[in-house]
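Open the model in your viewer and keep the selection box at hand. We will go from stop to stop, selecting a few residues each time.

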Amino acid sequence: MLRWSAVFLFVPCLAFADNWPSFRGPHADGHADAKDLPITWSETENIRWKTAIPGKAWSSPVVWNDQIWLTNAQPDGKKLFAVCVDRQTGRIIHDIVVFSPDKPAFCYPYNSPASPTPAIEPGRVYVHFGSTGTACLDTATGKILWTRQDLPCDHWRGAGSSPILFENLLILTFDGFDRQYLAALDKMTGHTVWKRDRDIDYGTTNGDYKKAYSTPIVIDVGGSPQLISPSAGATQAFDPRTGKELWRVQSGGMNAAARPLYGLGMVFASSADGGFKLFAVRPDGHGDVTATKVAWKNNRGVPTRCSFLLLAERLFLVNESGVTSLVDAKTGKTTWQGRPNGAFSSSPIFADGRVYVCNETDGSSYVLEPGDEMKVLAVNKLDDGCMASPAAVGKSLFLRTKTHLYCIEKK
């Protein structure tokens with residue numbers, strides 16, 4: 001019988017406490033340490049609090065101690081906010097205008113002006129709005145400590161890649177229509193430590209085929225960290241301290257959005273639209289490892305937006321049209337498929353032995369039990385759907401719908 005457990009990444013020990021510090025949680029893989037979460041809820045059942053968050057923003061909440069932070073935006077993008085909510089009561093503590101661009105960049109209606117999820121650590125929260133700006137705020141006072149608005153990129157459809165923290169660095173990803181690069185900033189000052197152009201042969205001059213939205217991970221391989229960053233055309237590994245490229249897979253595709261995973265000695269990544277779709281690569285190579293280190297590929301029901309979960313030796317996928325799949329992580333073979341109703345952009349999380357995944361259209365959230373197939377334990381309805389991915393901390397499930405932030409707990 002398989003044991004459905006987390007596979008830990010190169011994450012600071014402090015992040016493993018009662019917190020949700022960045023996109024995909026304390027282990028960067030959608031696994032939560034939360035226990036005793038509710039299986040059922042509704043607008044009148046197991047809701048500890050519900051707080052209105054007006055605006056248009058798809059970023060996920062992050063949690064540190066008694067604070068929840070998220071970004072927000074006016075629908076026209078002319079005001080961009082950092083919002084802090086009290087974890088115990090749902091009261092808004094800070095609602096700070098961080099940037100007020102005179103001419104907001106175009107954002108595709110399906111995206112939002114505030115889609116990247118913040119990153120948080122003791123005393124500081126980092127908010128990112130793509131090329132519009134990045135800022136560091138003091139979590140106690142809400143004071144803006146530094147900003148950067150000089151990292152250019154035409155996102156064309158809007159930004160989506162979230163910032164990540166590694167040692168003294170805040171690492172940002174810019175995969176736009178006109179240019180594609182990563183930048184690492186000194187998290188204390190905001191100064192650039194390194195900047196690395198993608199240097200990918202996309203096989204086209206059309207910038208629409210060069211875009212991506214993925215958030216990288218940092219893994220440990222033989223005692224050395226690797227920054228794994230999917231993009232259009234290729235997935236690359238860098239030294240996170242210097243930006244030096246270590247290896248790449250010419251995976252093809254475009255619009256890569258899923259955050260990669262690491263486990264069983266392999267990196268699991270998606271090329272989204274086109275290319276390899278879903279693939280596994282052994283991260284112990286150098287240079288172009290497409291022909292030597294790719295273990296398998298799979299193109300059945302692969303999501304273009306949602307990140308996936310590694311559950312023991314299987315990958316759990318949910319794509320935008322609602323197809324759910326289990327894939328053998330060692331071989332790449334699809335072992336089961338199902339189909340909940342609705343459309344999905346929110347990424348699933350695994351907590352307390354169950355999978356939680358949220359519909360974007362009708363407010364339904366599915367609670368699933370893993371096994372040889374995914375058993376539906378409950379379908380729970382709220383007033384609106386979720387574009388943001390959930391967070392789970394302590395005994396609480398935090399869901400951001402298109403209009404509200406919920407704290408869901410057993411009563």
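Select Ser 115 and Asn 111. Their side chains are joined by a polar contact of 2.6 Å. This is a predicted model. Ser 115 sits in the loop between S5 and strand S6 (119-121). Its relative accessibility is 11%, so Ser 115 counts as buried. Now add the residues that Ser 115 touches beyond four places in sequence: Trp 58, Ser 59, Ala 159 and Gly 160.

**The core**

Next, select Trp 41, Ile 68, Tyr 356, Ala 392, Leu 397 and Phe 398. These have the most contacts inside the largest nonpolar core, which has 32 residues. Colour the strands that give two or more residues to this core: S1 (47-52), S3 (67-73), S4 (80-86), S27 (349-351), S28 (354-358), S31 (391-393), S32 (396-400) and S33 (404-408). Which strand gives the largest share of this core? S33 does, with four residues.

Centre on Ala 392. Leaving out residues up to four places away in sequence, Ala 392 touches Trp 20, Ala 32, Ala 34, Leu 37, Ile 349, Ala 351 and Leu 397. Another core lies apart from the 32-residue one. This other core has 18 residues, among them Trp 69, Cys 84, Phe 99 and Val 127.

**Aromatic pairs**

A search of the whole structure finds nine aromatic pairs. Visit two of them.

Select Phe 99 and Phe 129. The pair is edge-to-face, at 6.0 Å centre to centre, with 85° between the planes. Phe 99 belongs to strand S5 (residues 92-99). Phe 129 is in the loop between strand S7 (124-128) and strand S8 (134-138). The two are 30 residues apart, and the pair links distant parts of the chain. Both Phe 99 and Phe 129 are buried.

Now select Phe 174 and Tyr 181. Why does this pair count as stacked? The ring centres of Phe 174 and Tyr 181 are 4.8 Å apart and their planes are at 20°, so the pair is stacked; the cut-off is planes under 30 degrees apart. Phe 174 is buried, with a relative accessible area of 0%. Tyr 181 is buried too, at 1%.

**Charges over rings**

Stay on Tyr 181 and add Lys 195. Lys 195 lies over the face of Tyr 181, at 4.2 Å from the ring centre. For another such case, select Arg 157 and Tyr 108. Arg 157 lies over the face of Tyr 108, at 5.8 Å from the ring centre.

**A loop residue**

Jump to Gln 250, in the loop between strand S17 (245-249) and strand S18 (261-263). Buried or partly exposed: which is Gln 250? Gln 250 is partly exposed, with a relative accessible area of 31%. Show its contacts beyond four places in sequence: Gly 233, Ala 234, Phe 276, Asp 288 and Thr 290. Then draw a C-alpha to C-alpha line from Gln 250 to Asp 199. The line spans 12 Å, while the two are 51 residues apart in sequence.

**Cysteines**

How many disulfides does a search of the whole structure find? Zero. Select Cys 386. The nearest cysteine sulfur, that of Cys 358, is 4.2 Å away, and Cys 386 is in no disulfide. The cut-off for a disulfide is sulfur atoms within 2.5 Å. Cys 386 is buried, with a relative accessible area of 4%.

End on Cys 407. Cys 407 is in no disulfide either, and the nearest cysteine sulfur, that of Cys 386, is 14 Å away. At 0% relative accessibility, Cys 407 is buried.

Key:
Residues numbered from 1 in each chain as written. Predicted model: local features only at pLDDT ≥ 70, side-chain atom pairs only at ≥ 80, totals over all residues. Heavy atoms only, no water. Core = buried A, V, L, I, M, F, W, Y, C linked by side-chain atoms within 4.5 Å. Buried < 20%, exposed > 50% of the residue type's maximum accessible area, 1.4 Å probe, protein only. Contact = heavy atoms within 4.5 Å. Phe/Tyr/Trp six-rings, centres within 6.5 Å; stacked < 30°, edge-to-face > 60°. Lys NZ or Arg CZ within 6 Å of the ring centre and 35° of its normal. Polar contact = N/O pair within 3.5 Å; in protein donor to acceptor, adjacent residues only side chain to side chain.
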